[in-house]
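Student: I would like to learn how to read a few features of a structure that is new to me. Could we look at it together, one feature at a time?

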Amino acid sequence: MLSLINLSKTFGHKVLFKDLTQTISQGAHVALVGANGAGKTSLLNIICGLDKCDSNGQIVIPKGFKIGYLPQEINPNPKHSLFEEALSGHSDLYPLHVKRDVVLKQMEENYTEEIHHVYEQVENEYQNLNGYQLEGDADKLLKGLGFLEKDLQRNPKEFSGGWRMRLELAKVLVNQPDVLVLDEPTNHLDLPSLMFLENYLINFKGTLLFVSHDQDLLDRLAKKVLYLRDGKISEYTGNFSSFLEQHALEKEQAAAQHENLNKKIEHNQKFIDRFGAKASKATQAQSKQKAVDRLKSMQSTIEIEGKQAAPHINIPLLKQSVKNVLTIEDMTVGYTAPLIKKIKLMVQRGQKIAIVGANGIGKSTILKSLIGEIPLLEGYVKQGENVQLGYYAQSQLDQLNLSASAFDNVLESNGLLTEGDVRRILGSLLFKDQDVRKPVAVMSGGEKSRVGLACMIAKKANTLLMDEPTNHLDLISQENLADSLIKYPGTLIFVSHDRRFINRIATHVLGVKSNGQHLFVKGNLDAFFEDAQRLKFDLMQ
């Protein structure tokens with residue numbers, strides 16, 4: 001059991017939570033949800049000991065329990081190999097693993113009976129504590145998270161930050177914690193690795209507390225939901241979809257109760273206003289006033305939750321394209337060596353094509369090749385008449401002028417827009433008043449993503465190429481973006497690892513593999529996996 005007792009946290013004048021108390025039972029799988037800025041990450045950091053609460057609050061866990069959490073930064077001084085660094089995540093067994101290897105080396109260099117005896121003791125202890133199972137677990141976790149056999153003996157410093165965060169995740173899981181705390185665990189993961197992690201966590205026997213913007217993950221993993229709002233936590237039984245239904249019903253009931261009391265107050269107040277000054281009605285008026293006071297007191301206890309601000313995304317196009325938007329013949333993409341080979345495809349007006357596959361195999365490269373940013377290695381791409389391409393990059397740092405404001409970035413995307421046009425586009429994406437003049441460099445990741453969307457909208461293109469468009473967007477923004485893309489009358493080619501997003505939007509799916517092979521299927525992601533299974537097309541290979 002994990003107990004949070006009287007936790008409080010403030011930043012400046014903002015109170016994130018005050019005297020927060022909550023109990024999480026052993027083995028529970030719990031999702032922590034709330035609006036951006038509600039204090040979810042701060043609460044997780046306090047639980048993990050990475051931050052302190054303001055008061056004399058307590059975190060109580062059973063003696064001997066291990067808490068595992070994904071660090072915010074990668075280890076700057078990792079072990080010599082990926083595999084060794086993963087093993088080091090097990091706090092109890094790894095020192096014994098190191099001792100065994102040291103003694104083995106001593107025995108090889110200068111054999112004595114005494115050293116051999118020490119080695120046998122260490123080896124027996126290592127076996128009894130399932131040390132070799134640890135090595136098998138580390139191997140399985142690393143490969144499940146997307147690393148290849150040939151990667152396991154490479155130095156971790158050879159990998160990018162995203163891949164090294166996967167290594168940190170493997171270290172956390174290798175340690176087999178009793179309580180696992182994860183903040184956005186699917187960041188940096190591609191679709192195959194995400195599915196592996198999800199399956200691992202479904203079967204995790206310990207307590208799981210996690211934050212995620214992936215609604216599919218929230219639905220599949222969570223058995224309880226903790227809703228953090230205005231410094232208070234409310235508990236709901238069931239997954240995220242169940243929480244949404246229960247919470248919506250609560251809001252409706254609260255609003256109805258509030259309105260009912262309001263009508264009673266108005267009825268009594270009319271009597272007081274009409275007869276309060278008459279001596280013959282004074283006693284009744286006083287009684288009515290007491291009733292009004294009592295009703296207002298009851299009304300003040302009912303919380304009416306305001307609507308969370310949400311973007312209203314509308315993606316227009318200036319003019320429609322011809323039926324055959326892109327003719328792709330034997331397209332081979334890559335930088336120096338081919339990543340994906342011989343793609344032959346006719347992209348037609350109105351199709352919404354999702355590109356899926358592991359990280360690093362060329363999904364983003366396909367998009368960059370289609371817009372001409374990276375030259376094709378072989379083949380050609382022919383654009384149909386009137387085709388206008390709009391591009392949304394995975395990292396907005398690649399697309400936006402960071403020193404300029406949101407307003408100037410949008411205007412630069414389409415110089416024909418008036419000031420009113422720009423303000424309307426930015427306003428629909430929650431940039432109000434002077435926010436439109438704020439430099440992009442000081443914006444959050446979510447704000448940069450919304451500026452990127454605004455620039456794409458401003459172009460009024462009839463063919464959109466989007467690379468991980470849900471990154472940094474909260475759940476409401478993700479849903480609104482999906483709604484707008486479903487309604488969008490043009491053509492869409494997009495890369496995403498969000499299964500719900502893909503299933504809602506895609507009319508076709510292009511799956512790509514590390515060996516350069518690809519599979520094109522009509523239908524959404526579920527349809528793709530059905531065909532892939534039948535054809536033995538494994539995205540993990």
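**Cavities, salt bridges and a sheet**

Tutor: Let us begin inside, where helix H15 gives the most to the lining of the largest cavity, with 4 residues. Please keep in mind that this is a predicted model, in which local features need pLDDT of at least 70 and side-chain atom pairs count only at pLDDT 80 or more, while totals for chains, interfaces and linings use all residues. Residues are numbered from 1 along each chain as its sequence is written, and side-chain values use heavy atoms, with hydrogens and water left out.

Student: What is a cavity, and what are its lining residues?

Tutor: On a 1 Å grid over the protein atoms alone, a cavity is a set of points where a 1.4 Å probe fits but cannot get out, and its lining residues have an atom within 4 Å of a point. Grid points are joined across faces, edges and corners, and the volume is the space filled by probe spheres set on the points. Searching the whole structure in this way gives 3 cavities of 30 Å³ or more, and the largest cavity holds about 70 Å³ of space.

Student: Which residues line the largest cavity, and which helices each supply at least two of them?

Tutor: The lining of the largest cavity is made up of Gln215, Leu475, Gln478, Glu479, Ala482, Asp498, Arg500 and Phe501. Helix H15 (475–487) and helix H16 (499–505) each supply at least two residues of this lining, where helices (H or I, at least four residues) and strands (E, at least two) are DSSP runs, numbered from the N terminus.

Student: How is a lining sorted by class?

Tutor: Ala, Val, Leu, Ile, Met, Phe, Trp, Tyr, Cys and Pro count as nonpolar, Asp, Glu, Lys and Arg as charged, and the others, Gly among them, as polar. By class, the largest cavity has 3 nonpolar, 2 polar and 3 charged residues in its lining. The second largest cavity, with a volume of about 50 Å³, has a lining of 11 nonpolar, no polar and no charged residues. Among the residues that line the second largest cavity are Ile328, Met331, Ile343, Leu370 and Leu510. Two or more residues of that lining come from each of strand E10 (324–334), strand E11 (338–348), strand E12 (352–356) and helix H11 (363–370), and E11 gives the most, with 3 residues.

Student: What counts as a salt bridge, and how many are there by this rule?

Tutor: A salt bridge is a side-chain nitrogen of Lys or Arg within 4 Å of a carboxyl oxygen of Asp or Glu, and by this rule the count comes to 24 salt bridges. One of them joins the side chains of Asp92 and Lys66, at 3.8 Å from N to O. This pair links distant parts of the chain, 26 residues apart, with Asp92 in the loop between helix H2 (82–87) and helix H3 (94–109), and Lys66 in the loop between strand E4 (58–60) and strand E5 (67–69). There is also a network of salt bridges that links Glu198, Asp216, Arg220 and Arg499.

Student: Why are Lys143 and Asp139 separated by about one helical turn?

Tutor: The two are separated by about one helical turn because they are 4 residues apart in helix H5 (residues 131–144), and their side chains meet in a salt bridge of 3.2 Å, N to O. In helix H6 (residues 161–174), Glu168 and Lys171 are 3 residues apart, and so are separated by about one helical turn; their side chains meet in a salt bridge of 3.3 Å, N to O.

Student: Are the residues of these salt bridges buried or exposed?

Tutor: Buried means under 20% relative accessible area, exposed over 50%, and partly exposed in between (1.4 Å probe, protein chains only). Glu168 is buried, at 7%, and Lys171 is buried at 13%. Lys143 is partly exposed at 30%, as is Asp139 at 23%, whereas Asp92 is exposed, at 54%.

Student: How should I read the order of strands in a sheet?

Tutor: Two strands pair if DSSP finds at least two bridges between them. Here an open sheet of 3 strands has the order E2-E1-E4, with antiparallel pairing, and its edge strands, E2 (14–24) and E4, each pair on one side only. Strand E1 (residues 2–11) is joined to E4 by 3 bridges, and Ile5 stands opposite Gln58 in E4.

Key. On a 1 Å grid over the protein atoms alone, a cavity is a set of points where a 1.4 Å probe fits but cannot get out, and a pocket is an open set with protein on both sides within 12 Å along at least five of seven lines; lining residues have an atom within 4 Å of a point.
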